[in-house]
Amino acid sequence: EGPADALAAAGEGYIGYALMGMKPSKATLMHLCLLIEDNKDLKTLVVLDSDSAENGVAVTLFISSQGYQCRLASLRGLEKDLAACQRPLRKKFLSQSFRNLFKQKS
């Protein structure tokens, strides 16, 4: 949700977007979709803060409704947010989340 989380994702080689709050407006979400519009094949992972589950679901549904591959991942039981995770844990969480949530179905 915030800049520190986006920087934490970037530190692990991912593009991170800070939505600046737990309840981004429709205009904010539309702007996010414009930022990723050039690559519809981009896989988008919404990482939930431990205190914002219902809002993460709404964000994920909105992004998916715009035609993007989007999944939801939860840090429950690990840390409050991505920035609070120690680097080895953050790296493992992101790589496993992308691998597991975007598996190709055969």
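**Exercise 1.** In this predicted model, determine in which hand α2 passes α3, and describe how the two helices are packed.

*Solution.* Begin with the crossing itself, in which α2 passes α3 in a right-handed manner. Next, take the two values that describe such a packing, since two packed helices are described by the angle between their axes and the distance between the axes. For helix α2 (residues 26–36) and helix α3 (residues 53–65), the angle is about 50 degrees and the axes are 10 Å apart. An angle of about 50 degrees is neither under 35 degrees nor in the range 65 to 115, and α2 and α3 are therefore oblique to each other.

Finally, look at the residues that meet: Lys26, Leu29, Met30, Leu32 and Cys33 come from α2, while Val59, Phe62 and Ile63 come from α3. Sorted by class, this contact has seven nonpolar residues, one charged residue and no polar ones.

**Exercise 2.** Find how the rings of Tyr14, Phe98 and Phe102 are linked, and decide whether each residue is buried or partly exposed.

*Solution.* The structure holds two aromatic pairs. In one of them, the ring centres of Tyr14 and Phe98 are 5.0 Å apart and the planes stand at 10 degrees, so this pair is stacked. Because Tyr14 lies in the loop between α1 (3–11) and α2, and Phe98 in helix α4 (residues 87–101), the pair ties together parts that are 84 residues apart in sequence. Phe98 also pairs with Phe102, again stacked, at 5.7 Å centre to centre with 20 degrees between the planes. Ring pairs thus link Tyr14, Phe98 and Phe102 into a cluster.

For the second part, recall that buried means under 20% relative accessible area. Phe98, at 18%, therefore counts as buried, as does Phe102 at 7%, whereas Tyr14, at 26%, counts as partly exposed.

Terms used
Residues are numbered from 1 along each chain as its sequence is written. This is a predicted model: local features need pLDDT of at least 70, side-chain atom pairs count only at pLDDT 80 or more; totals for chains, interfaces and linings use all residues. Side-chain values use heavy atoms; hydrogens and water are left out. Axes are lines fitted to C-alpha atoms, for helices over the stretch in contact, and angles run from 0 to 180 degrees between N-to-C directions. Helices (H or I, at least four residues) and strands (E, at least two) are DSSP runs, numbered from the N terminus. Angles under 35 degrees count as roughly parallel, over 145 as roughly antiparallel, 65 to 115 as roughly perpendicular and the rest as oblique. A crossing is left-handed if the near helix is turned anticlockwise from the far one by less than a right angle, and right-handed if clockwise. Contact means heavy atoms within 4.5 Å. Ala, Val, Leu, Ile, Met, Phe, Trp, Tyr, Cys and Pro count as nonpolar, Asp, Glu, Lys and Arg as charged, and the others, Gly among them, as polar. Rings of Phe, Tyr and Trp (its six-membered ring) pair if their centres lie within 6.5 Å; planes under 30 degrees apart count as stacked, over 60 as edge-to-face and the rest as tilted. Buried means under 20% relative accessible area, exposed over 50%, partly exposed in between (1.4 Å probe, protein chains only).
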